Amino acid sequence: MRECGIPEEEIFAFLAGRKAEDLSHDTILSSMCTPPHPVAARAHMLFLETNLGDPGLFPGTAQIERELVALLGSLYHLPEAAGYASSGGTESNIQALRIAKEQGRVAAPNVVVPSSSHFSFEKACRMLGLELRKAPLDTDRRVDHAGVEALIDESTVALVGVVGTTEYGMVDPVAALARLAIEHDLFLHVDAAFGGLVVPFLLDPPDFDFALDGVSSIAVDPHKMGLSTIPAGCLLVREPGLLELLNVDTPYLSVRQEYTLAGTRPGAPVVGAYAVLEYLGREGMRALVEGCMENTRRLIAGLEALGIERAATPDVNVATFRTTSAPPGWRVSFTRENDMRCVCMPHVSGDVVERFIASAERHYA
Ligand code: PLP
């Protein structure tokens, strides 16, 4: 660290230079994040100093967190769901498995996840000393519930279903998983980090939420399709008692106990998430999701017309193709199976999709 500070303008000139090195979203098709909605950014700026880790000092901000949980609970057919704002899907998934482990209390616990699940479950299992059992997928890349059942034994503490898989954009058959969870008396966590703000706004949404009795918890990330500022995740649970299993004493804070993973927690993105969801309402979200789905269909049709075969027919706005080569100048990603993956986030507009298809036409000619 310098002995004497440098002028503000000099610092900002330096920061602007570094920011200019970042990629423009115009060419990014590999990310599940997107620039925040201006309403989210404005709300975020108003709450920069707030700390939800000490909620008694910020009762207004803490109330907005409760409103966000209630809004998402009602979207997921359980207005009285409990929950809190996390830093994103990774934290929510870790916390859900912590709850399942506490509840299960067996000697060598295991969890059964779809083999398509996000790598955050691997982190969670390593941290928590859980055995990770990966269930096979069906030919459409959704988890095979018979394969899940075959992996359940007396040491299983949780099942996981994914709503909007990271790589291929598939929605697992959560209703079938919920039946298994009830039958075997297991905790069922739904990782809807991506699809939680897509699926409810589709024309014919599959069941995946608390309307299904077997669903115990849901992870959803407003910082993905919710147009929030980063980091904004949310973990919802069916009953407050589930979160309370994680309580530790917090002697010097304005609350006596906390169940969150992080201590200090930013209020700003939580308020941003709440503001933008209130601003758009269900109608605005339906329009946003319909646009992204339309662009996904157009991208798939455009590339298939060039002879590039789709790798899956996605349930949400992730398009994948059987090619290992991407048109130059674009940032796409590749799945574990080496398929090209393009996420049609809100910044991937119809124009961007047409430009991508035009580049593809030249590239694959
Ligand atoms: N779960 C799913 C399905 C995801 O797609 C992701 C990230 O893309 C995560 C969890 C992890 O979310 P985060 O990176 O916000 O922790």
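Two strands count as paired if DSSP finds at least two bridges between them. Keep that in mind for the close-ups below, which come from a predicted model.

**View 1. Strand β1 pairs with strand β7 in the antiparallel sense.** Here β1 and β7, the latter made of residues 233-237, are joined over five bridges. If you would like one pair to start from, take Ala-82, whose bridge partner in β7 is Val-237.

**View 2. Seven strands make an open sheet with mixed pairing.** Reading across the sheet, the order is β1-β7-β6-β5-β4-β2-β3. Which strands stand at the edges? They are β1 (82-86) and β3 (131-135); each has a single partner strand, so one side of each is left without a neighbour in the sheet. From one strand to the next, the twist averages 20°. Helix α5, residues 120-128, packs on this sheet and touches β2 (110-114), β3, β4 (156-162) and β5 (187-192). The direction of α5 makes about 150° with that of β3.

**View 3. Helix α3 crosses helix α9.** The axes of α3 (residues 59-75) and α9 (residues 268-305) come within 9 Å and cross at roughly 45°. α3 and α9 are therefore oblique to each other, and their crossing is left-handed. On the α3 side, the residues in contact are Thr-61, Ile-64, Glu-65, Glu-67, Leu-68, Leu-71, Leu-72, Ser-74 and Leu-75. They meet Val-270, Val-271, Ala-273, Tyr-274, Leu-277, Glu-278 and Arg-282 of α9. How many residues of this contact are nonpolar, polar and charged? The contact of α3 with α9 divides into 10 nonpolar, two polar and four charged residues.

**View 4. Helix α9 also packs with helix α10.** For this pair, α10 being residues 350-363, the angle is about 10° and the axes are 10 Å apart. Angles under 35 degrees count as roughly parallel, and that makes α9 roughly parallel to α10. The crossing of α9 with α10 is right-handed. From α9, the contact takes in Asn-295, Arg-298, Leu-299, Gly-302 and Leu-303. Facing them in α10 are Gly-350, Val-353, Glu-354, Phe-356, Ile-357 and Ala-360. Sorted by class, the contact of α9 with α10 holds six nonpolar, three polar and two charged residues.

**View 5. Three strands form an open antiparallel sheet beside helix α9.** The strand order in this sheet is β10-β12-β11. The edge strands, β10 (318-321) and β11 (333-334), each pair on one side only. β11 and β12 (residues 340-343) run antiparallel and are joined by two bridges. What is the bridge partner of Phe-334 in β12? That partner is Met-340. Helix α9 lies across β10 and β12, and runs at about 15° to β10.

**View 6. Two domains meet.** To finish, step back to the division of the chain. Domain 1 comprises 11-37 + 281-364, while domain 2 comprises 38-277. Their C-alpha centres lie 26 Å apart. How many residues does each domain bring to the contact? Domain 1 gives 32 residues and domain 2 gives 34 residues.

Technical notes: Residues numbered from 1 in each chain as written. Predicted model: local features only at pLDDT ≥ 70, side-chain atom pairs only at ≥ 80, totals over all residues. Heavy atoms only, no water. Axes fitted to C-alpha atoms, helices over the stretch in contact; angles between N-to-C directions. Helix = DSSP H or I, 4+ residues; strand = E, 2+ residues; numbered from the N terminus. Parallel < 35°, antiparallel > 145°, perpendicular 65-115°, else oblique. Left-handed = near helix turned anticlockwise from the far one by under 90°. Contact = heavy atoms within 4.5 Å. Nonpolar A, V, L, I, M, F, W, Y, C, P; charged D, E, K, R; others polar. Domains from an automatic or database assignment.
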